Each structure stands twice: as structure tokens, then as C-alpha cells.
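Open your viewer and keep the selection box handy. We'll go from stop to stop, and at each one you'll hear what to pick.

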Amino acid sequence: MRVVVDLNRCQAYAQCCYAAPDRFVLRGDEILVYDPAPPASDRAAVDRAVQACPVRAIRVEHEDAPAERPA
Amino acid sequence: MRDGTIVVAGASLAGLRGAEALRTNGFSGRLILVGDEPHRPYDRPPLSKHVLTGEIPPGATTLPGVGTLRAEWRLGTPAAGLDRAGRALLLADGGRVPFDRLLIATGARARAWPAPEEARLSGVHTLRSRDDAAALAAGLAARPRRVLILGAGFIGCEVASSIRSLGLPVTVVDPAPAPLAQALGRVIGGFVAGRMVAAGVDLRLGMRVTRLEGDRAVRRARLEDGGTVEADLVVVALGAVRNTGWLAGAGLDADEGGLSCDGACRALDGEGHPVPDIFAAGDVARFPHPLLGNRPVALEHWGNAVAQAAHAARAMLDGPDSVGPYAEVPAFWSNQFGLTIKSLGLTEGADAVAIVQGSPRAGRFLAAYGRAGRTVAAVSVNAGRWLPAYEGPIRDGAPFPPITGGADQPRPESVPPGLPAPKVA
Ligand SMILES: Cc1cc2nc3c(=O)[nH]c(=O)nc-3n(C[C@H](O)[C@H](O)[C@H](O)COP(=O)(O)OP(=O)(O)OC[C@H]3O[C@@H](n4cnc5c(N)ncnc54)[C@H](O)[C@@H]3O)c2cc1C
Ligand code: SF4
């Protein structure tokens, strides 16, 4: 799974941190630290985080990338 | 145009988001992404932040969107030239990739230390790619006695913050009077300087490094005042240069400052005329910005790579007239020393700055920037939620200082921002 947060848009509402506390953490006042490559087993929690974000800043992709080698 | 072949040169953020936008806007033809790095597109902002602190592995930031994109990937091979008449991208391995339309998204690279033999000393790093971050992280794991960072721009400061949080001694040297002075000016940069010093950074402002010394491995840096800094790891963070060298001889208006394009992201030729089938987006693109009276700028912002690539994609499919000029209000963020700094607009040429909400003493404030009585930019420090209200005033060039703060706000006092003298166009 791959995750990216648009940190221009993120306003540190921390809803994602409640939804998926193992993958999203708010540090200090408003620094969001997140796991860009969560394990597939966290899918439900990460999906909840995507839904919970009030500014829709979180993007996730579940599909595997084609093998990381030059074509 | 919805079919045929579109080639994207540069497979990173702008290349990926441009390719995705082509597909979502109905492009059904052949889509080929050419990238010199062997990796699928990945995210760079974490590289100077949580990757250096060891919280995120360097290889973990592959971007969402790579899995579902229906594209052919030509990775690990740089584009080496452009045959404009024959409409083909020429690869360094001798390959030739014909296109109907080309999107150039080759971004930028870290500016190297100017003396090549000093830059080659082991222990001297730059930071742009995943591989650079891995090498730097490995260097830090060996617990250097002191890290020297050349340049107090965003990357230099973020790297300093990450390395301080590892407990390593850090010296930062910059000729400017404050960190981040180029982007934020001396006033707001001065606030950040206070945080850096409080975090234990040995900050040497108004100072230049003249030489890196060592035999095989770097040992020390010589300063212009004759002093030295003993350091066994050096990070050169002197800004970026655009990856346009491969376009030499193609007859496009390109140099280290970018590839010129028009508001519809079409590349400009040597006479300044738009070329119909070649587009550019992201860090590499130098475009006329409406907020600067259409003076050309090349941005180095994540959000610009995303938005401009989408704009270019629409122009490629529906024609330049249907999209209008690209006019996104520039936005970026930075995390360092416990601060989230966010910016909207362009501070360049600003002649006034005022704290319009919060206060530096409280560690939470919003600064507005003005030029000739108009609001041109806003920067929030640990106050991101206040920022969106300033987008309208910036877009409209509202009178400065803008009135958006709550009634509890003190009458803002405006001072010169201490920005470097504007470049003459
Ligand atoms: C360490 C770091 C931290 C950052 N932090 C932030 C931040 O906090 N906030 C923010 O707003 N922005 C940040 N940025 C900036 C942001 O990452 C860039 O604006 C963004 O990556 C630009 O995307 P791009 O696709 O235009 O260019 P790039 O990401 O530079 O990608 C260009 C790609 O093209 C490839 N390429 C180059 N030449 C060729 C060639 N001849 N043929 C084929 N491929 C080629 C390059 O290798 C690269 O893969 C940061 C950048 C770095 C390096
Ligand atoms: S829920 Fe959204 S806005 Fe809030 S911290 Fe998470 S990403 Fe940011």
C-alpha cells in the first residue's frame, strides 16, 4: 500500500491519527508524520483515515506497483 | 487529441501526475514514461525530514498512482536529446522514442559544490534523490563528529533539524543574514534562526565557506574570514539547477534556470514562440506568473508539480485555448525545528511584512507580505489553519495589510521584510 498526504492541504486536524494511530502521528503543534508504505493488513484503518480527513488530503493506492525494475 | 503517443520525459512527481491527468481526461493512446532513475516515481519531501531521522526508510516513499497507471515505463535511461523535426526523444542508450506530444518533467538537481575535486571528497553529500538520502543516512549512522551544512535554505535547514534530532553536532554556514532569507526575508528568517540556535545548531550567518579540505575524506572547511570548521560530514545545500542540459541544440529556450513555457505549459523556442507539441511542468518549467505581472518564474514546490502537470495534461488534450493560463497561487510547506512553515503566494520583491495573526512570542503566527500596497504572500508558522483565508486577498492583490484576522488582532505593524534585492528581469 502506498500513501501520500498533501501537506499543503493538511491542517493538522489529526482525524487520521485517531483512525490509524499506527500510521499517522502528529508531532509538536502540527507536524504530521505518516507511514508512506503501510502493510496491506492495515488497509481498513488507512481507508478510515482517508475518509476521516476533513480536507481530503490523504491519498492511498492499494494496487501493487509493477516490479521496481527498468522495463 | 485523445489517441496517438504521448511521451513523458522525467518520471517523478510532475511526470506521474501529468500522466495520470492525461488518463483521467480521457487519453486512450500510448503513454510512455522515460526516467533516468531506476525507481518508480517517489516522494522527495520526506527525504530531508523523516528519512534522515530514520523514521522512514529511503525506499518507502513510492507514490500512489504508480500501480494503476496504464503506461510503459522506460526507467534507468536518461533522455539525451530531442529530435524536434522527427518528433522523437533520443535516449542515452541509443534508443529513439517517437511521440505525437511530449511532456518535459525532468525537474531539477542539487547544485554541486563548485570545486569538483573538493566535492568528490568522501563525506561530501548533496540531497535530491532517494539514493542521495540513503547515502547520507548511512554517513550519519557512522556518527560523524560534526556535520557541516552549506546553505540555510529550506533543504539545508530541514537537514540541520533532522540531524540535530539525532543528537549530532551541526554547523550551518550561509552568507545571508538569516536562514531562509531568500524566500521569507530577514524578519521571519530571524525567528527561525532563534529556533535553530535553541536546538543547538552552530549557526554562522553572513559567512562563506571558501574551501573543503581533507585527503580522500573531508576533514574541515575553510571560511572566508580565515577560520575553519572541523567536520567529517558535509551537506552541500546550495539550491537547485534545472535539468535542461539534455535539451541543448533542440532550439528551445532552456538553461539552468528552466525551460521557458507559456501559460498553457507549451515550451517556447529560441524566438519565444510556443511549440505546439512540447509541454513542460514541475520544477523544470519556467512560466509567466500572473501574480508577478507575467514575469517568468520556475518554482520548486511539490504542489506546483502536481497542479501544473494537470494543467499541461489538459492543454495537451484539449488545446491551449481551452485551459487558459496557469495561475495557481504558489504554495509550499516545510517542517523543521518543531515548526510547520506554510506559504502562499510569492514573497519575491515584497517591500513590507506584518504579523497579522498570532505572535512570534507565542510560537504561532501568520505573516503577510506586501508589495507597493498590495498583498502578495502569506506565511504561517504553526498556524496552518489561518492560511487558506489569505488565498483570496493574494489572488486579488488586496490592499496590504489584508483584513482577514479576527477582531482580537492587534493593529499590525508593518516593517521591511529584509528580502534580497529583487532581480531585474
Ligand atoms: C529533499 C527535498 C525536500 C523537499 N521538501 C519539500 C517540501 O517540504 N515542500 C515542498 O513544497 N516541496 C518540497 N520539495 C520540492 C519537491 O519535491 C519538488 O518540487 C518536486 O519533486 C518536483 O517534481 P518534478 O517532477 O518537477 O521534478 P523532480 O522531482 O526533480 O523529478 C524529475 C525527474 O526527472 C529525472 N530526470 C532528470 N533528467 C532526466 C533526463 N535527461 N531523462 C530522464 N529523466 C530525467 C530526474 O532524475 C527525476 O527523477 C523537496 C525537494 C527535495 C529534493
Ligand atoms: S486528518 Fe487530514 S488534515 Fe488532519 S492531520 Fe490527518 S491529513 Fe492532516
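Which helices and strands of chain B each supply at least two residues of the shell around ligand 1? Select α1 (13-24), β2 (30-35), α4 (154-165), α6 (302-318) and β24 (331-336) of chain B, and you have them. Helices (H or I, at least four residues) and strands (E, at least two) are DSSP runs, numbered from the N terminus. Before you click on: this is a predicted model, where local features need pLDDT of at least 70, side-chain atom pairs count only at pLDDT 80 or more, and totals for chains, interfaces and linings use all residues. Residues are numbered from 1 along each chain as written, chains are lettered from A and ligands numbered from 1 in written order, and side-chain values use heavy atoms, without hydrogens and water.

Now show ligand 1 with its 31 surrounding residues (a heavy atom within 4 Å). Among the nearest are Lys49(B) and Arg128(B). Pick the side chain of Lys49(B): one of its N or O atoms is 2.7 Å from a ligand oxygen. For Arg128(B), that kind of side-chain distance is 2.8 Å. The protein buries 94% of the 1,000 Å² that ligand 1 exposes when taken alone (Shrake-Rupley method, 1.4 Å probe).

Last stop: select β4 (79-83) and β6 (96-98) of chain B, the edge strands of an open three-stranded sheet ordered β4-β5-β6, with antiparallel pairing (pairing takes at least two DSSP bridges). Add β5 (88-91) of chain B, which pairs with β4(B) over four bridges. Click Asp83(B) to find its bridge partner in β5(B), Ala88(B).

Conventions:
A polar contact is a pair of N or O atoms within 3.5 Å; within protein, one must be able to donate a hydrogen and the other to accept it, and residues adjacent in sequence count only if both atoms are side-chain atoms.
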